[in-house]
Every structure is written in C-alpha cells, then in structure tokens.
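Q: Here is a structure I would like to understand better. Please take a close look at one part of it and then show me how that part sits within the whole.

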Amino acid sequence: MATLTESILRGELKSTKKVPHEKSQIHYPFWFGGSAASMAACITHPLDLVKVRLQILQTPASKSMLRMFPCILTCEGPRGLYSGFTAALMRQMTYSTARFGVYEDLKHRCTPHPTPSNPTPKLSILEMTLLSSASGFIGGVVGNPADVLIVRMQSDGGKPAELRYNYRNAIDGLIRMVRKEGYSSLFRGVGPNASRACLMNASQLVSYDIFKALYMKHFRLEDNFVTYLAASVSAGLVATTVCSPVDVIKTRVMSAKNVPLMGILRRTARVEGWMWMFRGWIPSFIRLGPQTVCTMLFFEQHKNVYRQWKGIDKGVEI
C-alpha cells in the first residue's frame, strides 16, 4: 500500500512539473501581433499623426515637430491628436495581424526540427529576411484600405474645408470611398504601400531579432524589458532609415486626388529637392521607436502569458 501511495504521489508531482517543449512544438496564435500592435497604437497614435502632417502639409507649422504639436492642439483641441484613430486600429488589426502572423507561421514551418547534433536550429539572416519580406508584402496588401483611410483622416485637419474628406470613422470612410470612388480606391497606392510594408517588416522584425540576440550574447543582458528596449530602438533606427523614402511617397499618393505617381514624384523633387525622401525622418523615428518598443513588449508579453498558460518553461528558446 505504501509503495502504491508513493507511486501515485510521484505521478502527481510529475504531472504538475512544467515540461520543457521543443521549439517546433510551440506555435503561437496568429492574432498576437495584431493585438500587440493595436495596444501600441493607443499610445503612439499622436506621433503618427504629426508624422503624416509633416510629410503632407506645406505650412510654417510643418517645418518642425515642435511647431506641429501646439498647432494641432490650438486648432483642433486634444481630440485632434487622435484624428483617424479608428482607422489606425483597423490598420493594426489587418496589416499587423497579417505581417506578424504570416512571419511567425513561416518561421515555424521553415525552421528545421531539432536533432542531437543541432538541438536549437535557427534560420539564417537571409532566410529570415526573405520570410519577413514576403509576410510584410502580404500585410501591406491586406491593410491597404485602412492605410488609405488613416492618411486621409489624419491629413484632413491641415487642409482647407473644401478639400477635406470629413470621414466620421473608419467604417464610414470605407463606405463613402467605395460609393464615390469605387472599389479600386481601397487599393490606391498599394504598390508603394506594399513595398514599404515589405521593407518595414524585413528591417524591423529581422533587425530586432538580430539586435536582441546580439545584446544578450555580447552585453550579457537578460530576456527582459531592458533588452526589448535596446533592441527595438536599434531596430526602429534601421527601419526608419530604410523605409523613409517609400513612406513619404505612400503618404502623398494616398492623400492626393487622382494624381499619377510620377506626377507627384516630379513635382515633389522640383519643389523640395531630393531631401524630400527624408522629410519627417525625426518624427518618424520618434514615432517608430516607441511604437516598436511598445509593440514588441506587448508581443513578448503575449507569448509569455501563452507559455505560462500552456505550462511551457519560460527559459525555452522560441
């Protein structure tokens, strides 16, 4: 009887102990990235608004970020800093869900299974770049309608009354766009937008993974907020520089009314010179840095909670 009791107790203790999972066994839910990015948008939306205004408007207030903030507060009030917020949430729920979800799924499918000789297999930088580029392109196409909406809603406050779109929210904007301009308007600027999303995903997610591993290995940082902060700021710097030219083109194409892409490029280069490619770079970095930090922090917390819920050791490398 004593032996039987000891066996049962050992079995119960064994069942409550967290069992390490192999990397190939962990497959996170598809929506984690969209959820994390939506949470980040609640914090960083005003910075995104200022970036769009700086890229589009040609007024004295558009010369610097420090002038644009008080200008918006004076003319539109505190609520003006969240113009287009419903479209921003729609964008994150489509664009970010797709780019994060597809990237994580492709990494899960393409990473080799662990072997005795290679217990923690990893993808090469080139492989991660190709996977992230493909997933970013898909996300850019999926999220393009929301991107058009957010650019139009954010730029409205700086335009004359007769040139404003005056969308009440994202759903109202979608309905009115389709009614007045047809379904093709939902994919206006999809080329620059998908290209920008492709570059963003490759430069942001891959560089984040690289910087995170670099800081943990060479600076002996732990897998915590400090590491996320350092890696995401570094990744934001890379992503901002790589994406700035395409981001400016995307913003101006989406805010224009039936103006060809080449016409916009010729006029912009003639009026502003070639430095137009980095117009709004500082506010873009100021926005993208916190946005990357918040997104990756929320994303990591999603994964931590999921591992705890599934009884997977926190120390298992994903």
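The part I have in mind is helix α6, residues 144-155, and what follows is a walk through that helix and its surroundings.

A: Happy to help! This is a predicted model, in which local features need pLDDT of at least 70 and side-chain atom pairs count only at pLDDT 80 or more, while totals for chains, interfaces and linings use all residues. Residues are numbered from 1 along each chain as its sequence is written, and side-chain values use heavy atoms, with hydrogens and water left out.

A little context comes before the close look. The protein chain holds eleven helices and zero strands, where helices (H or I, at least four residues) and strands (E, at least two) are DSSP runs numbered from the N terminus. Of its 318 residues, 48% are buried; buried means under 20% relative accessible area, exposed over 50% and partly exposed in between, with a 1.4 Å probe and protein chains only. Contact here means heavy atoms within 4.5 Å. Among contacts between residues at least 6 apart in sequence, 77% join residues at least 24 apart.

Now to α6 itself. Twelve of the twelve residues of α6 are buried, so this helix is largely enclosed by the rest of the structure. The buried set includes Asn144, Asp147, Arg152 and Gln154, alongside residues such as Val148, Leu149, Ile150 and Val151. The length of α6 agrees with expectation, because at 1.5 Å a residue its twelve residues should span 16 Å and its end C-alpha atoms are 17 Å apart. The expected span is 1.5 Å times one less than the number of residues.

On one flank, α6 meets helix α7 (residues 170-181), packing at an angle of about 100 degrees with the axes 10 Å apart. Axes are lines fitted to C-alpha atoms, for helices over the stretch in contact, and angles run from 0 to 180 degrees between N-to-C directions. That makes α6 roughly perpendicular to α7; under 35 degrees counts as roughly parallel, over 145 as roughly antiparallel, 65 to 115 as roughly perpendicular and the rest as oblique. From α6, the contact uses Pro145, Val148, Leu149, Arg152 and Met153, and α7 answers with Ala170, Gly173, Leu174, Met177 and Glu181. These residues divide into seven nonpolar, one polar and two charged. In that count Ala, Val, Leu, Ile, Met, Phe, Trp, Tyr, Cys and Pro are nonpolar, Asp, Glu, Lys and Arg are charged, and the others, Gly among them, are polar.

Between α6 and α7 runs a loop that holds asparagine 166. Its phi is near 55 degrees, a positive value in a residue other than glycine. Asparagine 166 counts as partly exposed, because its relative accessibility is 46%.

Helix α5 (125-142) is another neighbour: the buried residues of α5 pack against α4, α6 and α8. They are Met128, Leu131, Ser132, Ser133, Ser135, Gly136, Gly139 and Gly140. The 18 residues of α5 should span 26 Å at 1.5 Å a residue, and its end C-alpha atoms are 25 Å apart, which agrees.

How does α6 fit into the nonpolar cores? A nonpolar core is a set of buried Ala, Val, Leu, Ile, Met, Phe, Trp, Tyr and Cys residues joined through side-chain atoms within 4.5 Å. The largest core has 20 residues, of which Tyr103, Tyr208, Met296 and Phe299 touch the most other members. Helices α2, α4, α5, α8, α9 and α11 each supply at least two residues of this core, and α8 gives the largest share, four residues. Apart from this core lies another, of 16 residues, whose members include Val148, Met153, Ala170 and Val52. Val148, Met153 and Ala170 are also in the contact of α6 with α7.

A second helix pair rounds out the picture. The axes of α2 (residues 32-56) and α3 (residues 65-76) come within 10 Å and cross at roughly 105 degrees, and these two helices are therefore roughly perpendicular as well. Their contact involves residues including Leu47, Val50 and Leu54 of α2 and Met68, Phe69 and Ile72 of α3. By character, the residues of that contact are nine nonpolar, no polar and two charged.
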